[in-house]
Amino acid sequence: MSELRKNILDEARRIVVKIGSRILVDSEKGGVRTRYIQKLADSVARLMEAGKEVVIVTSGAVGTGMSQLGYKEKPTVLAEKQACAAVGQIDLMYAYREMFRWVDLSVGQILLSADDFRDRTRYKNLQNTIKAMLARKIVPIINENDSLAVAEIKVGDNDKLSSDVALFLDADLLLIFTDEDGLFDDNPKKNPNARLLRFVPEITPAVLALAGKPGEAGSAVSTGGMRSKLEAIRNVTRSGANAFLANGMKVLPHQVIFENAQGTLFAGSKNKLNSRQRWLSFITTPRGAVVVDEGGVKALREKHSSLLPVGVCAVKKHFDKGDLIEVLSPSGDAVARGVAGFDSETLKLVLHKKTAQVHEILGKDVPDELIHKNDLVVF
């Protein structure tokens, strides 16, 4: 084990572990792989005995419910998929509870939607709840609320959810377990000579390209592919935390920390973001977006100024005052994110208007800025 890797893993105190559906669900026989969860419980107990805090982000509810309801492939109709999640979540959590009891650990279920991250009050309450559980040596088991979530309130896949959880808990390490041995320099399923990358200092566009095209994924029971995992890891490492990608069929969490298990270690940035910067940059999903002209892009990136209506040339999707919105360049690239000072319908009345004109139209009570620089993160 290299000295760098050993130091990074030894120093990780709070660890978020994401387990994929293909590890948790037996696609041939159906149902939860209880024996795997038993091994996972023993592994988590070893980490906690060493003073680590562990949070689990679990997939598998839909896949487990599919076997109960007789589906061979994941349903395409939303209501049917949600029915699978509702049925499967019970069996999944029962398996976690019973297997963790064998190692004298209690677990607690937390089901989330994107709104839990968008709303700062709910967000802080969620932080406090999980930290209280960790203080009492309870292992939080987190999943997206798939039995109720629709597109507008979905976090995304559980790779994104795991990165959000790692970010809002200020975790030191995100472990993502999949059915691949890590990140390779080529597709190992097509190229037997593909080489495993043991250490990635930064997820550059070239590294991201190794995972294939966006949307390439899965199996009958899973949602995310390798690209979604790298995008999730990129968010975590940009914030200053580390990440590790390994094959959950072969590797358990304690083996990553203590036994030089095979996989890919991704180094976190030295420029660690604070809690509010993480929330603005990565965790929550924007409600809407605005397009700014080239002058606005330059002002944001070079002067780090507030965003004024005069620089905005278009509005995309409805948003309310206080919502997180994305700022796009004329070519559609993400430039920034921030909290809107007024709603989208009001903004449409004052596009490309100077501040004096804005107040003539809307009155003196509205703010000068669409997004104040204190509520803005520029990429």
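This tour visits a five-stranded sheet, a helix that packs on it, two nonpolar cores and a pair of helices. The structure is a predicted model.

**The sheet**

Begin by selecting strands β9 to β13. They form an open sheet in the order β10-β9-β11-β12-β13, and the pairing is mixed. Its edges are β10, at residues 312-316, and β13, at residues 376-378, each of which pairs on one side only. From one strand to the next, the twist averages 20°.

Next, display helix α13, residues 294-303, which packs on the sheet. The helix touches β9 (288-292), β11 (324-328), β12 and β13, and its direction makes about 70° with that of β12.

**Along the strands**

Select β11 and inspect its surroundings. Four of its five residues are buried, leaving the strand mostly covered. With β9 it runs parallel, joined by four bridges; here, look for Ala289 opposite Glu326 of β11.

Turn then to the pairing of β11 with β12, which is antiparallel and extends over five bridges. Ile325 is found opposite Gly338 of β12. Five residues lie between the strands of this hairpin, in which Gly332 adopts a positive phi near 95°.

Continue to β12 itself, residues 334-339. Three bridges connect β12 to β13 in an antiparallel arrangement, and Arg337 faces Val377 of β13 across the pairing.

**The nonpolar cores**

Now select Ile130, Ile142, Val165 and Phe266. These residues have the most contacts inside the largest nonpolar core, which comprises 42 residues. Centre the view on Ile130: beyond its neighbours within four places in sequence, it is in contact with Val55, Ile110, Pro140, Ile142, Phe168 and Leu169. Another core, of 41 residues, lies apart from the largest one; its members include Ala12, Ile56, Val139 and Ala261.

**Two packed helices**

Finally, select helix α8, residues 158-168, together with helix α10, residues 226-239. How are their axes placed relative to each other? They pack at an angle of about 10°, with the axes 8 Å apart. The two helices are therefore roughly parallel to each other, as angles under 35 degrees are counted in that class.

Show the side chains at this contact. Helix α8 contributes Asp159, Lys160, Ser163, Ala166 and Leu167, while α10 contributes Ser228, Lys229, Ala232, Asn235, Val236 and Ser239. Colouring these residues by type separates four nonpolar, four polar and three charged residues.

Definitions and conventions:
Residues numbered from 1 in each chain as written. Predicted model: local features only at pLDDT ≥ 70, side-chain atom pairs only at ≥ 80, totals over all residues. Heavy atoms only, no water. Pairing = 2+ DSSP bridges. Axes fitted to C-alpha atoms, helices over the stretch in contact; angles between N-to-C directions. Contact = heavy atoms within 4.5 Å. Buried < 20%, exposed > 50% of the residue type's maximum accessible area, 1.4 Å probe, protein only. Core = buried A, V, L, I, M, F, W, Y, C linked by side-chain atoms within 4.5 Å. Parallel < 35°, antiparallel > 145°, perpendicular 65-115°, else oblique. Nonpolar A, V, L, I, M, F, W, Y, C, P; charged D, E, K, R; others polar.
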